Amino acid sequence: MSPKLRYRGDWSAIWEGDCREVAAGIEPGSVSLSIVDGPYAMGKAAWDRMKIDDLADWYAPHFDDVGRISAPSASLYVWNTAAGWARLDPVLRGMGWTFAGLIVWEKTGAHPARIGAANSSKWPDVTEVCGHY
């Protein structure tokens, strides 16, 4: 499926399609904000069945695309688990991105005490993190 423009405003556009194909058509240095939310290596879906130590290799071409299309003052938000972000952060810093902060999304409806984590051998996923660069 070729990328399809779904919305264009004065300062934004929403595309549907493979992100690498969309990025290939974007003018270098023209993007002010990118949000990356790829696999987390948690094995919960067919597209997410990789080893956590392979995340950096999977993300590398996507980060290259973001770096090419981003303006010098652009912001980048990268979603993942804490363990996934810890593996991606050195890659982004090595590419010249400046770390600004880590946002933690606490999924309040999934609090461990409410879902019986004390009786489980594995704690549930109750947070995601977002690295801001």
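## Close-up views of a predicted model

**Figure 1. Surroundings of Glu128, a residue of strand E6.** In this predicted model, Glu128 is buried, its relative accessible area being 14%, which falls under the 20% that marks the limit for a buried residue. The strand that holds Glu128, E6, covers residues 127-132. Two polar contacts of the Glu128 side chain can be followed in this view: one, of 2.7 Å, joins it to the side chain of Tyr40, and another, of 2.8 Å, to the side chain of Lys107. When neighbours within four places in sequence are left aside, the residues in contact with Glu128 are Tyr40, Trp79, Asn80, Ile103, Val104, Trp105 and Lys107, so that Tyr40 and Lys107 appear both in this list and as the partners in the polar contacts described above.

**Figure 2. The chain as a whole, as background to the close-ups.** The chain contains three helices and six strands, and, read from the N terminus on, its elements follow the order β-β-α-β-α-β-α-β-β. Of the 133 residues in the chain, 30% are buried. If one considers the contacts between residues at least 6 apart in sequence, 59% of them join residues that are at least 24 apart.

**Figure 3. Packing of helix H2 against helix H3.** Helix H2, made of residues 55-69, and helix H3, made of residues 82-94, pack with their axes 10 Å apart and at an angle of about 45°. That angle makes H2 oblique to H3, because it belongs neither to the angles under 35 degrees, which count as roughly parallel, nor to those from 65 to 115, which count as roughly perpendicular. The crossing of the two helices, H2 and H3, is right-handed. On the side of H2 the contact is made by Leu55, Ala56, Tyr59 and Phe63, and on the side of H3 by Gly84, Arg87, Leu88, Val91 and Leu92. Sorted by class, the residues in this contact of H2 with H3 are seven nonpolar, one polar and one charged.

**Figure 4. Asp89 within helix H3.** Asp89, which is found in helix H3, has a relative accessible area of 9% and is therefore buried. Its side chain makes a polar contact of 2.7 Å with the side chain of Arg93. With neighbours within four places in sequence left aside, Asp89 is in contact with Phe99 and Tyr133.

**Figure 5. Ile26 in the loop between helix H1 and strand E3.** The loop that holds Ile26 runs between helix H1, residues 19-24, and strand E3, residues 31-36. With a relative accessibility of 24%, Ile26 counts as partly exposed, because this value lies between the limits of 20% and 50%. Although Ile26 and Ile69 are 43 residues apart along the chain, their C-alpha atoms are separated by 6.5 Å. Ile69 is also one of the residues in contact with Ile26, the others being Val31 and Arg68, once neighbours within four places in sequence are left aside.

**Figure 6. Ala41 and its positive phi.** Ala41 lies in the loop between E3 and H2, and at 16% relative accessibility it counts as buried. Its phi is near 60°, a positive value in a residue other than glycine. By way of background, most residues other than glycine have a negative phi.

Technical notes
Residues are numbered from 1 along each chain as its sequence is written. This is a predicted model: local features need pLDDT of at least 70, side-chain atom pairs count only at pLDDT 80 or more; totals for chains, interfaces and linings use all residues. Side-chain values use heavy atoms; hydrogens and water are left out. Helices (H or I, at least four residues) and strands (E, at least two) are DSSP runs, numbered from the N terminus. Buried means under 20% relative accessible area, exposed over 50%, partly exposed in between (1.4 Å probe, protein chains only). A polar contact is a pair of N or O atoms within 3.5 Å; within protein, one must be able to donate a hydrogen and the other to accept it, and residues adjacent in sequence count only if both atoms are side-chain atoms. Contact means heavy atoms within 4.5 Å. Axes are lines fitted to C-alpha atoms, for helices over the stretch in contact, and angles run from 0 to 180 degrees between N-to-C directions. Angles under 35 degrees count as roughly parallel, over 145 as roughly antiparallel, 65 to 115 as roughly perpendicular and the rest as oblique. A crossing is left-handed if the near helix is turned anticlockwise from the far one by less than a right angle, and right-handed if clockwise. Ala, Val, Leu, Ile, Met, Phe, Trp, Tyr, Cys and Pro count as nonpolar, Asp, Glu, Lys and Arg as charged, and the others, Gly among them, as polar.
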